[in-house]
Structures are given as C-alpha cells and as structure tokens.
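Thanks for coming. I'll take one polar contact and then move on to the aromatic rings.

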Amino acid sequence: MSRLQQFQDFIISNGEKLTGVDVPVVLSDEQAKQAHLNFTFGWRVEIGVSSHDHGSYRPSGIRCGTSSDASYEANKAAKEYISGRDPLFNERFIKILGPDISQNFLIKNNSLNSGPDTYVGQDICVKCGGTGCNNCYSCHGSGKSSCFSCNGSGRISVSKYDSYNERTVYTTESCSSCYGSGQRTCSTCNGSGDVTCGTCDGGGYLYYSYTIDGQAKRSTRWKHTSSDYHEWTGDFIKRTGLHVVHGFTDIIEVDVDGDLNGCTFVYAFSAKLPTLQFTASIDKVNTKMCFAGKQNLTHDAGGIYDPAVWQVAQKLGAGNKSDDTRALATPAIKDILEANATHSEIALLDENWVSTDIKDAVLANYDSLLSQLKKQSVKGIIPNMLGGIVKYSYLFFTLGLIIALLFPQFAEQTHERMGVLEYPNWLFAVLSADFALFGIHPLANYAMALGLFWLSYQLVKRYYWKNIGKGKTIILALGITLLLPHVGLSLYYNTLNAIQHPPLFVNALAGGAVFASLYLLVIGVKRPSKWYLKPIGLILAALLYVGIQFVIAMLNGVLGIVPTEINYFKGLGQIIEPALMFIQYNLAELAMLSVLFSYFLTRRHFWLTAKTAVADYNSPVLLKSMNMER
C-alpha cells in the first residue's frame, strides 16, 4: 500500500471516529522532499558590572582604594572580557552551547555566572567623618546628665514630724544621689561623651564591592536556506524546534554580513528535514495538507474535517433535543467545547484539522443552545413565585393562628416582645456596644458578629444548591448574619414563655379547623385532572368543610370549647379574635417569611428541574456552562 493510500485511509477512519459521519477525502499530488537546510544563527554575550553595599563589613577581593577606584577597575576588566583579550566568558559560552541545538538555539538564554575577581573599595563614613564615634545623644557630648532624683537642683524636699511641738516640718536637704551637684555620670556613654557610630560600627569606613557578570542572549535573527524545500518549512521549524530534523553537521563559527552582524558569535550548521505535502479534495474543495519530520508531524491539516464537523454542528441549538444530544456527544465537538471552557490547546485546532471559522461557528451554535436552556430554566418563575407568596402567606398565617389559639396568654403578651420593626434599633445597639450580649463584655459583640458572619459564609459556600460568585455569597452570608439573631433569639425566648402556660388544645382544634380546612377547597380543585370534574371536586370539598365544622360544633358539649349557654359560632369568634390580633401584630414577620420562603424555594425548584433537563443531554461541559455541575 502506497504512503498516499495509508494517509488517506487514516484520515477517513480517524475522521469518522471524531465526527461520527463519513469523511470522503481523496488525496493526490504527493510531494515528498528531503530538504538540506543550512542554518545560521547568532548569540550575543553581554557583560555587566554589579555593585554591592557591605556597610562596615570588609569583603574579600582585590583592594582598589576608594569605591570609585574599585568601580573603575571592574569596568576596565569588563571591557577586556567583551573585547576578547580575556576569553573567560566566551569559553564558558562555548561549553554551554554544546551539541544540544534544540535546547540552546530555540529555547532559552543562558547565564554565564560571575567572573572570578571581586573589586573592593572603601570610603570614609560620612556620619562620623572616619572617627568611628558620634556625640552621645543623651548628654550631647558633655558626659553628664541631669540627676533624676532632684531634677538637677541638687536638693530634695523632705518632711519631718516635730513631736515636741506636735507639728509637721517641711524643709530641703542635699540630694544623696548626686551629692548636691545636680548632675550624674551619663549612663549611655559612661561619661565619655561619645558613642560608637551606628553607620560604620566604629570602623570609620564603609565598604563596596563590584563583580562582573556575563549572560549569553540568543539572537532572534536567524535564517535557513536550501535549494529545494516547501515554503512552509520555516514556519514549521519555528513552531516545533529542531528536534524533528536529523543529519546534523558540526557547528562552526562563521563571519557573516547583514542582519546577523553585531552578534558576539555567529554559528552555522546544516541538517535534513523530511517534508510531505498532499492535495486533499473533499466536497469538490481542494486544500493542502502539510507534514514534516521522521514521524510525519502535522503542520497544517488544511481544515480537512470542517465539512464533517459542520454537518453535525449545524443542527446544534436548532431546537431539536436529539440533534443537540448527538452533537454534544460527537468527540470533535466535545473536544472543541471543552478546550474553549478550560482555555486549553488541542491538536485538533492547533494543527488545523478543524479550521478557526468552523470552531467559531460551533461555539456560536453552542451559545445559542445555552441561551435557549437558560430561558427555559426560568420560564414561568415569576407567576410561580407570586403563587408561592400566597401559599406560604396562608401557611404561616394558619400556623401563627394555631399557636395563638394553643397559647392564648402568650398571644395576649405579644405586644410586650420585640418585633421585626424594633429589631434594627436592637441591632444598632449591639453593634455600637451599648450593652453586652449574654453579659460577657460589650466588645465581645463584635467577635460574635464576625464569628456568625464567617460561619454563615462557610455554610452558604458549602450548602447553597448551586455555585455562586463571591459577591453573592457575601450578601447571603450578611443577610443570614443580620436576621439569624432575631429568628433564633425570638424562637428561644418565645418558646420558654409559651411553655409556661398550659396549652388549650380544644381551642386550637376548633379555631384551626376553620382555617386549616380551607386547604380542602384547594385540593378539590387541583386533584381532578379533567376540567369538568374540578367544579364537582370544589363542591365536594366545600361540603366536607361544612361537615367538619358541624361535627366539631356537635362535640362542643363534650369538648367544652365554648359555654353551652351561648351560640357556638359566636363563642368561636370570640376565641379567634385575640389570635387575629396576634397575627396583626406579627404581620411583618409573617410577610418576610412568606417572601423569603417563596423566593428561595421557588428558585431552587426551578433550578433542580432545569438541572434534570440539562442532565439528559449527558454532557459535563454543558452542566458546567449552565453552572449546574454541583
């Protein structure tokens, strides 16, 4: 089998694996070359002088007098290195160059380290003028300081009790610390008036050193020539390096004119690079395919898989779920999407098996699919959220009413407790440390607030149902930090208060049945699947509701809900009235709970529904793009 046929069979079979469709490519015009390439490249050796400040420490090296003298000698020696009179750095460079051309020619510059000599100079310390001493800062050079016992007066005040005259006598006497002189020997300089200079540590000189460093920098100007080679050979070598060529000749130093002139070293060598080129025809369109090296590495596949990839990708985002699923499962499209999501490089694109235009078209269709799925994921969320507010409002209304009926004395005292409208004032008092939480210390309020915020942030980050940004996480954590103390403390203290009173279960049964049984009407309408059965369901539910109220009224004599001498429903109204007042006082809390529950639970329900729908596509990259991989 010819090499052309081998390439053609490989491209067809590999294309079918990548795209899932036939790739009817036909190769022709095989052009194989064994180009003998003549390379010329240059290096520049740069020599630099570095200065080092050693302070009072004198380093080892060649002593040259002052720092100016040392700098002059170092620069003079550097000029000798670069002129070639001292070949130290040139010899180091030739050893580094070595036989590995692919590493030293195409990859990196090289440090030549430092020269063997260090040039040392010394200057007189400008702080002390070379004496090594400065005037004492405590006594200003006098060697004496004011006596701290008598404040420099020489005498101290004393008091004595005169027992004979029974009186206290005040007088002065000579200071025992300075013996009446008012001065003492300075403890800083021990009376000398001088202290060691902190700049030169008493040496009187500051030391500087100069070293010579070398670096070999590869010239970006290099070229190759050949009598017969493909025009794209140079681009291939620049992209891959020289590890694909073979048959290297020895590297020799040469002199050249032109664009490589000015380099310290210019080298030349020759090598062979096998190259292979085909004309590929697919769908009556011709393109050029280029390969090089012993392993026939791909330089440019000419976009040979474009028609096959687009045949599948053009249906992506067109509205057909089966076509979308098939496209997302196609290896070539899957690789393109994953490379774009992870910002990574893949041979499919780098070697132009799929062109940039097709890649952009695939990504555009994928973005269209994402837009469709995101719209579907929130379709109808506002009506559902409003319905949720109504549902949770009635739920919390009923629960609050039952609690008030169960503990009527607790409900009557509700105006004495802090509501959500008074909570901001309490929170401000906590943050301004007007009082201490739990009797610890007012400043401990801040530690507890910060601790609660940190805990809230960690909980949101770990347990929130989807990945959200840092800003949203902070906002949610801050909201929890502000609301949780009110909710927690209210539940704690209200529970302690409520259990101090005996519960009235019959009141809760009778009053709660009036409102809780209304759910039967909702069930009667929602349960029947046929529209013409819904009115019948509503009527039956209404009859059941009336029947429940009638049964409870008939049991009034046994249960003792209201006194038998008054009308049952009038008495029931009197029982419910205080509970309604409890609801009215706590209306803000109930409204806040209803809105929060409706917002978060509705959003979570829609998100889970959307995630289930997206998971049907069996595409990890789609889940990640939709922020649903959690």
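**T211 and the rings**

The side chains of T211 and H52 are joined by a polar contact of 2.9 Å, meaning a pair of N or O atoms within 3.5 Å, where within protein one must be able to donate a hydrogen and the other to accept it, and residues adjacent in sequence count only if both atoms are side-chain atoms. This is a predicted model, with local features needing pLDDT of at least 70 and side-chain atom pairs pLDDT 80 or more, while totals for chains, interfaces and linings use all residues. Residues are numbered from 1 along each chain as its sequence is written, and side-chain values use heavy atoms, without hydrogens and water.

T211 sits in strand β10 (residues 205–225), strands being DSSP runs of E of at least two residues and helices runs of H or I of at least four, numbered from the N terminus. T211 counts as buried because its relative accessibility is 15%; the cut-off is under 20% (1.4 Å probe, protein chains only).

Now the rings. Phe, Tyr and Trp rings (for Trp, the six-membered one) pair if their centres lie within 6.5 Å, and planes under 30 degrees apart count as stacked. That rule gives 17 aromatic pairs. Y305 and W353 are stacked, because their centres are 5.3 Å apart and their planes at 25°. The two are 48 residues apart, Y305 in the loop between β14 (297–300) and α6 (306–313) and W353 in the loop between α9 (347–350) and α10 (356–377). Both Y305 and W353 are buried.

One aromatic cluster is formed by Y394, F397, F515 and Y519.

Methods
Rings of Phe, Tyr and Trp (its six-membered ring) pair if their centres lie within 6.5 Å; planes under 30 degrees apart count as stacked, over 60 as edge-to-face and the rest as tilted. Buried means under 20% relative accessible area, exposed over 50%, partly exposed in between (1.4 Å probe, protein chains only).
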